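Got your viewer open? Here is a short walk through the model, one selection at a time.

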Amino acid sequence: MIDLPAIEPMMLWLYAGVLGLLVVASLTGFILARRVTTDSGHETVRNLNSRIKAWWVMVLVFALAFVVGKGLTLVLFALVSFYCLREFLSLTPTHPRDHAAIAAAFYVFIPLQYWLLWIDWPAMLTILIPVYAFLLLPVLSVLWGVTDDFLARTAKIQWGLMLAVFCVSHAPALLLLDLGPHKPIYLLLFLITVVQLSDVLQYTVGKLFGRTRIAPHVSPSKTVEGFVGGGLLAVLVGTGLWWITPFSPLAAAAMAAAIVLAGFFGGLVLSAVKRSLGAKDWGAMIEGHGGALDRMDSVTFAAPLFYHLVNYFFAR
Amino acid sequence: MIAAIIIGLTRFLVGGTGLWLGCSPSARQRIYFANHSSHLDTIILWAAMPPDLRRRVRPVAAADYWGKGRLQRYIALKVLNAVLVERKGGSANPLVPLQDSLRAGDSLIIFPEGTRGLERLPDSFKGGLYHLAHEFPEVELVPVFLDNLRRAFPKGSLVPVPISCIARFGAPMALAEGETRPQFLERARAAVEALA
């Protein structure tokens with residue numbers, strides 16, 4: 001059996017490393033913001049700086065969650081789900097007569113999903129929204145008797161709930177896994193670190209060396225060079241983090257690769273959804289304080305996959 | 001204190017950002033007129049004002065809703081500083097409280113459709129706005145479009161849901177020389193619609 005307290009000082013090193021990285025990133029962003037002159041340069045630097053700001057929040061949240069424990073982590077992820085769903089449904093043209101279904105999505109299914117995490121009921125967690133919300137929401141809408149676009153309206157609310165609540169909740173669901181001597185919160189850290197680094201490294205490598213666009217109509221900033229280069233770098237970092245997880249270095253590389261791939265497709269799919277709704281950023285609707293889904297798009301796809309991979313191969 | 005709670009709750013649930021497209025917030029005397037689809041309209045518009053202007057920008061609210069329960073009455077009179085008007089049955093001219101408050105130098109928030117609609121675009125306007133524009137030509141008339149409120153808190157629903165709402169403020173307008181009542185009311189309605 002691995003002696004856990006022996007790793008704890010290394011966690012301090014990990015945290016020191018993360019903080020150091022963030023300080024360097026923030027300084028770089030600050031200097032870049034003064035140096036650039038072109039419009040597209042400004043746009044790029046603004047994008048980078050908003051990511052860096054979001055990371056500060058994430059790292060502080062993690063530090064707090066480490067100290068306070070599962071309850072706080074769940075509350076924070078419930079809030080993330082809330083903001084993501086609010087963004088999704090604000091951009092989606094729902095009908096006023098969907099009000100009861102939307103109220104149920106926010107006031108019943110978000111608390112219920114996270115309550116299931118709190119009481120440790122993973123079986124119900126995986127079917128609450130795909131089965132029970134799927135059946136209940138159209139019932140709430142149909143009672144108002146408006147049939148215009150009924151299927152499309154119902155599907156949109158279900159999609160929002162799946163992405164913002166079901167998928168996002170699979171990140172903190174990692175805390176339910178029994179990994180023996182390993183603390184599952186480090187897996188949450190592993191997931192978020194790999195996803196976020198993969199996002200920004202793909203973006204940065206793409207800006208520096210990107211030539212071949214993968215899907216010019218869906219997401220013009222995604223390039224083959226960025227995806228391969230940034231993705232490989234993120235896998236490398238993930239592999240380097242094997243010691244905080246129950247994975248061997250090789251398994252850590254495979255897990256990181258799965259996260260990178262799922263995250264990439266998550267970003268691509270949500271970009272297409274966004275564009276089909278006529279917006280460039282999820283936050284565009286809420287000037288000044290939006291964009292939660294812009295940061296979480298890759299997490300929504302990576303979290304359930306990672307959760308099930310870990311559950312299948314490593315949980316007891 | 002109560003004002004802070006109401007504003008905090010509103011921001012958390014529906015955002016309610018004010019976008020000043022055609023003018024900036026100002027202490028000038030104004031009548032803000034907007035489309036009406038929700039009981040939240042009054043609060044959103046009031047919350048979109050800079051804090052120092054809120055006491056002097058008074059929402060005009062229907063006495064049959066905002067004057068009814070103790071809580072509504074308290075919020076309407078003490079927090080929103082609303083002007084309550086009787087919508088039906090009153091023999092007196094319902095515009096009198098509005099005229100009094102304009103004469104006292106306050107700005108007003110009114111919903112010229114008179115009642116909450118279910119559609120996104122505003123229905124035809126009632127005549128009150130014309131009378132006020134005629135009687136107080138020095139007061140600026142500012143069109144406002146309230147977006148998404150019909151989805152966040154539609155007529156007939158019990159609780160608001162978290163859908164982001166926006167108040168878009170347009171350019172001030174005034175009654176033109178020789179403009180008839182229907183012409184003016186249609187122009188005002190179109191000004192709100194143009195912000196949609």
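Start in chain A and select helix H11, residues 292-313. Of its 22 residues, 17 are buried, so the rest of the structure largely encloses H11(A). Keep in mind as you look around that this is a predicted model.

While H11(A) is still selected, check its length. Its 22 residues, at 1.5 Å each, should span 32 Å, and the C-alpha atoms at the two ends sit 31 Å apart, which agrees. Now slide along to Ala302(A): H11(A) bends there by about 30°. Show Pro304(A) too, a proline that follows within four residues of the bend.

Next, hop over to chain B and colour the sheet. Seven strands make up an open sheet, and reading across chain B you get the order S1-S7-S6-S2-S5-S3-S4, with mixed pairing. The edges belong to S1 and S4 (83-85) of chain B; each has a single partner strand, so one side of each has no neighbour in the sheet. Look at the twist while you're here: neighbouring strands are turned against each other by 25° on average, direction ignored.

Which strand is worth a zoom? Try S6(B), residues 140-147, where seven of the eight residues are buried, leaving the strand mostly covered. Add strand S2 of chain B, residues 30-34: S2(B) pairs with S6(B) in the parallel sense, over five bridges. To see the register, pick Tyr32(B) and find Val142(B) of S6(B) standing opposite.

Now bring in S7(B), residues 165-169. S7(B) and S6(B) run antiparallel, joined by four bridges. Click Phe145(B), then its bridge partner in S7(B), Arg168(B).

Move on to helix H5 of chain B, residues 96-103. H5(B) lies across three strands, S3 (57-62), S4 and S5 (107-110) of chain B, and runs at about 160° to S4(B).

Last stop: show both chains and go to where they meet. How many residues of chain B are in contact with chain A? There are 14, and they meet 14 residues of chain A. On the chain B side, strand S1 (15-20) and helix H7 (149-152) each supply at least two residues. S1(B) gives the most to that side, with three. Colour the chain B side by residue type and you'll find seven nonpolar, five polar and two charged residues. Note that S1(B) has now turned up twice: as an edge of the sheet, and as part of the side of chain B that touches chain A.

Note on methods. Residues are numbered from 1 along each chain as its sequence is written. Chains are lettered from A and ligands numbered from 1 in the order in which they are written. This is a predicted model: local features need pLDDT of at least 70, side-chain atom pairs count only at pLDDT 80 or more; totals for chains, interfaces and linings use all residues. Two residues are in contact if their C-beta atoms, placed from the backbone, lie within 7 Å. Ala, Val, Leu, Ile, Met, Phe, Trp, Tyr, Cys and Pro count as nonpolar, Asp, Glu, Lys and Arg as charged, and the others, Gly among them, as polar. A residue is buried if 20 or more other C-beta atoms lie within 10 Å of its own, exposed if 12 or fewer, and partly exposed in between; C-beta atoms are placed from the backbone. Two strands pair if DSSP finds at least two bridges between them. The expected span of a helix is 1.5 Å times one less than its number of residues. The bend at a residue is the angle between axes fitted to the seven residues ending there and the seven starting there. Axes are lines fitted to C-alpha atoms, for helices over the stretch in contact, and angles run from 0 to 180 degrees between N-to-C directions.
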